[in-house]
Amino acid sequence: MRKKTIIFVLLAIMLIGLFFVAVNTGGIKISFIKLLKGLFIEYNRDVEIIFDLRFPRIIIAMLSGAALAVSGVLFQAVMKNPLADPGLIGISAGASFFAVILVMFFPSLYFFTPLFAFLGGITACILVYTLSWKSGLSPLRIILVGVAVNALFSGLIEALGFIAGGKQSAVTAGISANIIMKTWNDVHMLTGYVIFGLIMGFCVVDKCNLLSLEDKTVRNLGVNVNGARVLISSIAVLLASISTAIVGPISFVGLVVPHIARIFVGSNHKILIPFAILLGSFTVLFADTVGRVIVYPYEIPTSIIMAVIGGPFFIFLLRRSEKTYGN
């Protein structure tokens, strides 16, 4: 327990340090003391610019990272599948598709984008579960069907973009996997949904731990297995969808973070979920910061950085799962 506490503290310190690095990434740089003075004591023009332009981006990166990481933890618990990730199994694509529809046809309802994205995520999740069922759920079958569902919704998004014609960039800008030009309005929209989703995630930690057992054993303990799966899946979809609605689809966060977290703190979800929140925040903020500096003054989207990191990691896990589950 002491070792896990030390790991938590070290990760928290690293996240704080990365936060300050992200704040100072760009043309304007400021010391930590001046930053605190400008925020709480006296007006500073540089601090005001940083506060209005960089703080929303940093906070959104951290919130979306936490949401995607916990979503991945929950999906992996429900599916008993080490490859489950909201981006890989089509949840993020479904959420993006519904978000695009809202932006295209009902722009005045933009504030409800997270809710509409949640509806898209639920639709994709139902499709994956339904089409994957064949005398049970095979982990690899879920991934294969998820890839197909992801391709379907991604194709529909591209089709809507072409239908929009000259408005294509405007339609897709809101759901592109980049955190450029995010404002405090986006922060306020995302914060409430993420906090609610994370609280709900903490409420189902015991059910997540029980689902690691055989279904027959769980039923003997008086737990409704199917009901628990539906509840946990809904929370996972909510977290993935609201993140996608604001920052766009970012794959592999929900895959990479839970696996790394388990290496450090084990599989007890009471510890795993809070650690995944910190590690997910750190991962997406790190990817966004690297994307800002690697080809400065240009930027590489966060999704591309995560793809470069997560792609090889996914191949490694896929090869391991083939040995474990077969076909």
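The following legends describe close-up views of a predicted model.

**View 1. The largest nonpolar core of the predicted model.** This core comprises 93 residues. The members that touch the most others are L74, F75, I91, L239 and L285. Helix α3, spanning residues 45-79, makes the greatest contribution to the core, supplying 19 residues.

**View 2. Surroundings of the core residue L285.** With residues up to four places away in sequence set aside, L285 touches L15, L18, F19 and A22, as well as I58, A61 and M62. L285 is also among the core residues with the most contacts to other members.

**View 3. A22 in helix α1.** A22 lies in the helix formed by residues 2-23. The relative accessible area of A22 is 0%, and the residue is therefore classed as buried. Beyond its neighbours within four places in sequence, A22 is in contact with R54 and I58, and also with L285, T289 and R292. The contact between A22 and L285 thus appears in this view as well as in View 2. By C-alpha positions, A22 and S267 are 31 Å apart in space, with a sequence separation of 245 residues.

**View 4. A nonpolar patch on the surface.** Six residues are shown: F105, F106, L109, F111, F112 and L115. Together they make a nonpolar surface patch of about 610 Å². One of them, F105, belongs to helix α4, which covers residues 91-105. F105 counts as exposed because its relative accessibility is 51%, and the exposed class begins over 50%.

How values were computed
Residues are numbered from 1 along each chain as its sequence is written. This is a predicted model: local features need pLDDT of at least 70, side-chain atom pairs count only at pLDDT 80 or more; totals for chains, interfaces and linings use all residues. Side-chain values use heavy atoms; hydrogens and water are left out. A nonpolar core is a set of buried Ala, Val, Leu, Ile, Met, Phe, Trp, Tyr and Cys residues joined through side-chain atoms within 4.5 Å. Buried means under 20% relative accessible area, exposed over 50%, partly exposed in between (1.4 Å probe, protein chains only). Helices (H or I, at least four residues) and strands (E, at least two) are DSSP runs, numbered from the N terminus. Contact means heavy atoms within 4.5 Å. Patches are made of residues with over 30% relative accessible area and no salt bridge: like charges are joined within 9 Å, nonpolar side chains (Val, Leu, Ile, Met, Phe, Trp, Tyr) within 5 Å. Accessible areas come from the Shrake-Rupley method with a 1.4 Å probe; for residues, only the protein chains shown count as cover. A salt bridge is a side-chain nitrogen of Lys or Arg within 4 Å of a carboxyl oxygen of Asp or Glu.
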